[in-house]
Amino acid sequence: MIPQIILSHFSRQLSHRALLVGSLALFSVALGCNSQPTGDIVPTSPAAGMATYQGKPLEFYQIRFVPEEGRPAAGVTDEKGNFTLGTNDVGDGAPTGKHRVAVSYVGPPKPPEWGVTDFSPTPPPKFKVPEKFSDPEKSGITVEVPDDGKTDFVIEIE
């Protein structure tokens with residue numbers, strides 16, 4: 001009797017989670033249908049580099065290059081703090097010109113079962129970067145992407 005009660009409780013929890021995941025998926029699809037993607041492909045140049053905080057590599061942080069106008073580029077750092085930016089697609093680079101930079105923790109890549117059967121929380125960062133660096137208006141970091149690109153950007157936060 002007791003195992004049946006536990007099984008029933010587990011089954012209800014699983015159903016609630018499945019309903020939540022399904023609802024979120026439908027909401028995301030509905031949101032995507034209402035947005036107005038431009039479909040424009042923005043010209044880009046190679047853009048990659050390394051990000052550090054107090055001399056240590058920033059692991060699993062999103063690096064965003066935000067131009068004055070137009071589409072931002074983003075990439076996520078690996079364990080060594082290396083990143084490659086993408087604008088139209090993963091790793092295709094960033095638009096040329098001056099950009100403000102933002103740095104935000106996103107956590108390590110999720111396993112395929114995450115959100116389906118694995119609901120473990122994102123592990124905390126090894127060290128926390130001050131909040132102001134997640135806002136391109138407040139970070140104070142600017143970079144210039146040249147016409148021929150640059151693959152050795154160094155984003156250093158002290």
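Phe65 is in contact (heavy atoms within 4.5 Å) with Pro72, Ala73, Phe83, Leu85, His99, Arg100, Val101, Val143, Val145, Phe153 and Ile155, leaving aside residues up to four places away in sequence. The model is predicted, so local features need pLDDT of at least 70 and side-chain atom pairs pLDDT 80 or more, while totals for chains, interfaces and linings use all residues. Residues are numbered from 1 along each chain, and side-chain values use heavy atoms, without hydrogens and water.

Phe65 is buried (under 20% relative accessible area, 1.4 Å probe, protein chains only), at 0%. In soluble globular proteins, nonpolar side chains tend to be buried together. The largest nonpolar core (buried Ala, Val, Leu, Ile, Met, Phe, Trp, Tyr and Cys residues joined through side-chain atoms within 4.5 Å) has 21 residues, and Phe65 and Ile155 touch the most other members. Among the strands (DSSP runs of E, at least two residues, numbered from the N terminus) that give two or more residues to this core are strand 3 (61-67) and strand 8 (150-157).

The whole structure holds 4 aromatic pairs, in which ring centres of Phe, Tyr or Trp (its six-membered ring) lie within 6.5 Å. The rings of Tyr53 and Phe127 are stacked (planes under 30 degrees apart), because their centres are 5.6 Å apart and their planes lie at 25°. This pair joins strand 1 to the loop between strand 6 and strand 7, across 74 residues. Phe65 and Phe153 are instead edge-to-face (over 60 degrees), with 5.2 Å between centres and 90° between planes. Phe65, Phe83 and Phe153 form one aromatic cluster.

Conventions:
Buried means under 20% relative accessible area, exposed over 50%, partly exposed in between (1.4 Å probe, protein chains only). Helices (H or I, at least four residues) and strands (E, at least two) are DSSP runs, numbered from the N terminus.
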